[in-house]
Structure formats: structure tokens, C-alpha cells
Amino acid sequence: MKYFTTTNASILQSSILHLGNTNANFTLMQYSGEICVYYIDRDPKIAAFVDSNKERAKELSLQYGGAVYASLDDALKNETFDAVTVATPSGLHGEAVIKAASYGKHSIVEKPIDVSIDAAKNMIRECRKNNVYLSCILQHRFDSSTRIVRQMMNDGLLGQLIFIHASLNINRPREYYKNSEWRGTFELDGGGVLMNQAIHYVDLLYHLGGEVEDVFSIQANLSHDYLAVEDVVSATLRFRNGAIGTLNATTSAPTKIGSRMEIVCENGYCVIEDHQLVRLSLYDTEKNPIKTSLSNHNVEEPSSHHLQFQDFFTSILNRREPLVTGEEGMVSLHLVHHIYSSAHTNQMVSLKENCI
Ligand SMILES: NC(=O)c1ccc[n+]([C@@H]2O[C@H](COP(=O)([O-])OP(=O)(O)OC[C@H]3O[C@@H](n4cnc5c(N)ncnc54)[C@H](O)[C@@H]3O)[C@@H](O)[C@H]2O)c1
């Protein structure tokens, strides 16, 4: 009997875990604002917290050390460090990364890379010009579920891709938008549920399904009448390989129902729920089931955010590209813009041009 087991989760993992040590600083780097980081013995340390709300930066500094600045300019002029982690409102990502690059600093920037395609292009160009690395945080590429399914696809175990369905049903109440006024604005959030929350699934559709040829979508605002942006979106995509993808997302669910991806292939079927691989069915060429096991899948591992930070810092130390480059971060932004364009024009939209 043929048998497939997901022990290879740890093999995939070891290709990412170069630094080896679990360091609280990696978690710290997920805080909002801008954080300037330098190295001692391969161990990243925080040089400064930067936040236009200086009190917020001060609180973090009191707890974790590091200087405090209200502007990245001042930190760049006064501190010695290697890289900046950028988690400011999405529409401000470009200016921070471009500034950091002009001082020769590497950047890791939260998703979306920015809300504007032009800003994203400039970020990529300026980082290349100044010979610094740029990584866009799309941490779900580092989930073990994503890595296992992608590896099986690359190894040909699943056969031809037929469908990928992605859905995200969550709730974002009024307080969420009140607490950070940039959220749900076109200027700084770039849109609603699609740009802010569902971009992770847009990225996973591309990461697992490959390049997209056409999109058709509809969207609405059903329960956030104080916002101008959408809170529900439904998109259908045709991949260049002929397979079809769907994305359904809302921030109007009664509570956090969660996320789900179904990957349907000629010889296999995978279900990922809330980023855990919960079903894996494989069939041989005669369509007989192959025994599978997920028992070794649920191994303890650092968060996906942590893994991406590790990859970024390793890329700087080893002078190699990060796994998720600026160009890779640009793909989901480009797709999101085309999904919006389809919803606005009520037309199928083709992605003929190269996005970079
Ligand atoms: N990868 C993920 O899963 C994930 C999750 C949450 C947020 N994000 C992204 O992180 C970014 C921040 O989101 P958030 O929810 O933490 O926002 P937030 O509003 O909680 O925090 C933003 C911080 O940036 C500071 N800030 C605003 N303008 C600034 C400026 N010009 N210079 C320096 N600091 C400035 C604010 O004072 C605040 O402290 C967004 O791009 C968002 O999409 C990603």
C-alpha cells in the first residue's frame, strides 16, 4: 500500500530555521510603527522604536530598551543599525522604505507592500538601486500547511490543479476602525476587507496556483455604513495554467468564523482551516486512495511571522534575497487592484501586463 505522511513538515522547516535561537526580539518586531534593528553575533537587537505617537514608542522602549523617535528621519540620522521593520499605516509604507533605502538600510514591510502600485514600484527600484534587501510580510507563506501543500504540488503528488477556493469570514466592529482612524480609508488602507485582511489569501492563491490571467469580482458594503470601502468581496480568478480560483471574504460575519482553503487537484484534495492542514486525500493514477497521515503535521514551531523575520535577517547576514521579496509582495497588490477594477467596471479584467 502506498503511504504518504507529512513528516516532511520538519524538513521544510529546517530549510528556514537558520538562526536556530528563539528570540523574544522576533515577536517584538511585530509591533506597530517602525523599529530599527542592528546585529550582535547574529542576534538581532532593537536600536530604536519610531512612532509618530511618541508615547507608544516610549512605552516599548521602557520595556525593551532602544532609543525613541517620532520620525524615521531622526532615527536614520542619529542611530547605527542595519534594517527597519515597517508596520505603519499601509499607505505610508513606501515613504519609510524609500527613506531607509537612501540611508543604505534593509527593510521588511508589513502587507500590503503599500496601497499604491507606483509607490510599490518605487520602493522596489530604490532598494535595488541602493543595494539593500526588501521583504514584504506575507507570513502565511511560511505556515507549515502552505509549505506542505506547495511542496506536494511541486513534487507532482497532487497532479494537475483544478480549483483553489479561499474564504475568510471575520468580524471587524466599529471600535476597530475608531482605534486607528487610517483603517477603512482609501488613502491609507487602500480599500476594505480585500486590501487589508483578504490580501493574505490573494497571495496564497498566487503562491499555490501561480500567475493569474483574468479576474471577475463583485463587492459591497453591507454593515459598515460609516466606511466608504467594501466589507464583502467575491472574486473568481483564472490562473494561467487553466485552473480556477475563488475568493470570498467579509468583515461582516457575526463573529470570527475563520479562514478555509480547499485545493482540488487531479490526484488529491487538501483543506486548510485557520492555517492548519486538516484534510489531505491522495489518489493514485487509477484513482485508488493512498493512505495519508496528518499525525506529524502539528509540530510545535515558531509563528509564521517569526519565521519570516528569521528568513529576512538570515538573508541580510548571508547576502541572499529574502524568500518574499518586494517583487513578490507587489504581486498580491497588483491582483487586488485588478479585483477592485473588475468590481468597479462590472467586467472581467485581464492581467496581461507584467506587474513589475
Ligand atoms: N501581517 C499581518 O497579519 C498584519 C496584521 C496586522 C496589521 N498588519 C499591517 O501592519 C500595518 C499596521 O497595522 P496596525 O493594525 O498595527 O496599525 P495600528 O494603527 O495599530 O498601528 C500603526 C502605528 O503606526 C504609527 N504611525 C502612524 N503614522 C506613522 C508615521 N508616519 N511614522 C511612524 N509611525 C507612525 C501609529 O502611531 C501606530 O502606533 C498595516 O500595514 C497593516 O496592514 C499586518
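Is Lys287 buried, exposed or partly exposed? With a relative accessible area of 47%, Lys287 counts as partly exposed, because buried means under 20% relative accessible area, exposed means over 50%, and partly exposed is in between (1.4 Å probe, protein chains only). Okay, hi everyone, let me back up and say what we're looking at.

This is a predicted model: local features need pLDDT of at least 70, side-chain atom pairs count only at pLDDT 80 or more, and totals for chains, interfaces and linings use all residues. Residues are numbered from 1 along each chain as its sequence is written, and side-chain values use heavy atoms, with hydrogens and water left out.

So, confidence. pLDDT is the predictor's confidence in each residue, from 0 to 100. The mean pLDDT of the protein is 90, and 89% of its residues reach 70 or more. Over residues 1-22, though, the pLDDT is below 50, and beyond near neighbours in sequence this stretch has 54 contacts in the model; contact here means heavy atoms within 4.5 Å. Where pLDDT is low, the predicted coordinates should not be read in detail. Among the elements, helix α1 (residues 8-14) has the lowest mean pLDDT, 32, and strand β11 (residues 244-250) has the highest, 99.

Now the overall picture. There are 13 helices and 16 strands in the protein; helices (H or I, at least four residues) and strands (E, at least two) are DSSP runs, numbered from the N terminus. Of the 356 residues, 55% are buried. If you take the contacts with a separation of 6 or more, 66% of them come from residues 24 or more positions apart.

Let's zoom in on helix α6, residues 117-129. It has 13 residues and reaches 18 Å from its first C-alpha to its last, close to the 18 Å expected at 1.5 Å a residue; the expected span is 1.5 Å times one less than the number of residues. Which residues of α6 are buried? They are Ile117, Ala119, Ala120, Met123, Ile124, Glu126 and Cys127. What covers them includes α5 (93-102), β6 (106-110), β7 (134-137) and α13 (326-345).

Look at the ends of α6 too. Ser116 caps the N-terminal end, with a side-chain oxygen 3.3 Å from the backbone nitrogen of Asp118. After the helix comes Asn131, whose phi is positive, near 60 degrees.

Next, α5, one of the covers I just mentioned. Its buried residues are His93, Gly94, Ala96, Val97, Ala100 and Ala101. Seen down the axis of α5, these buried residues fall within an arc of 165 degrees, so they line one face of the helix; that arc is the one of the directions from the helix axis to the C-beta atoms. Just after α5, Gly104 has a positive phi of about 75 degrees.

How many of the 11 residues of helix α7 (residues 144-154) are buried? The count is 8, so α7 is largely enclosed by the rest of the structure. Among them are Arg147, Ile148 and Val149. Gly156 follows α7, and its phi is positive, near 80 degrees.

Let me stop at two single residues. Ser304 sits in helix α12 (residues 304-318) and counts as buried, at 12% relative accessibility. Its side chain and that of Asp143 are joined by a polar contact of 2.4 Å. A polar contact is a pair of N or O atoms within 3.5 Å; within protein, one must be able to donate a hydrogen and the other to accept it, and residues adjacent in sequence count only if both atoms are side-chain atoms. Leaving aside neighbours within four places in sequence, Ser304 is in contact with Gln139, Phe142 and Asp143.

Val68 is in strand β4 (residues 67-69). Val68 and Ala57 are 11 residues apart in sequence, and 5.9 Å apart in space, C-alpha to C-alpha.

Last bit: backbone oddities. Most residues other than glycine have a negative phi, and most peptide bonds are trans. Lys111 and Pro112, however, are joined by a cis peptide bond, with omega about -20 degrees, and Pro112 is in the loop between β6 and α6. Asp274, in the loop between β13 (268-273) and β14 (276-283), has a positive phi near 45 degrees. And back to where I started: Lys287 lies in the loop between β14 and β15 (289-293), with a positive phi of about 70 degrees although it is not a glycine.
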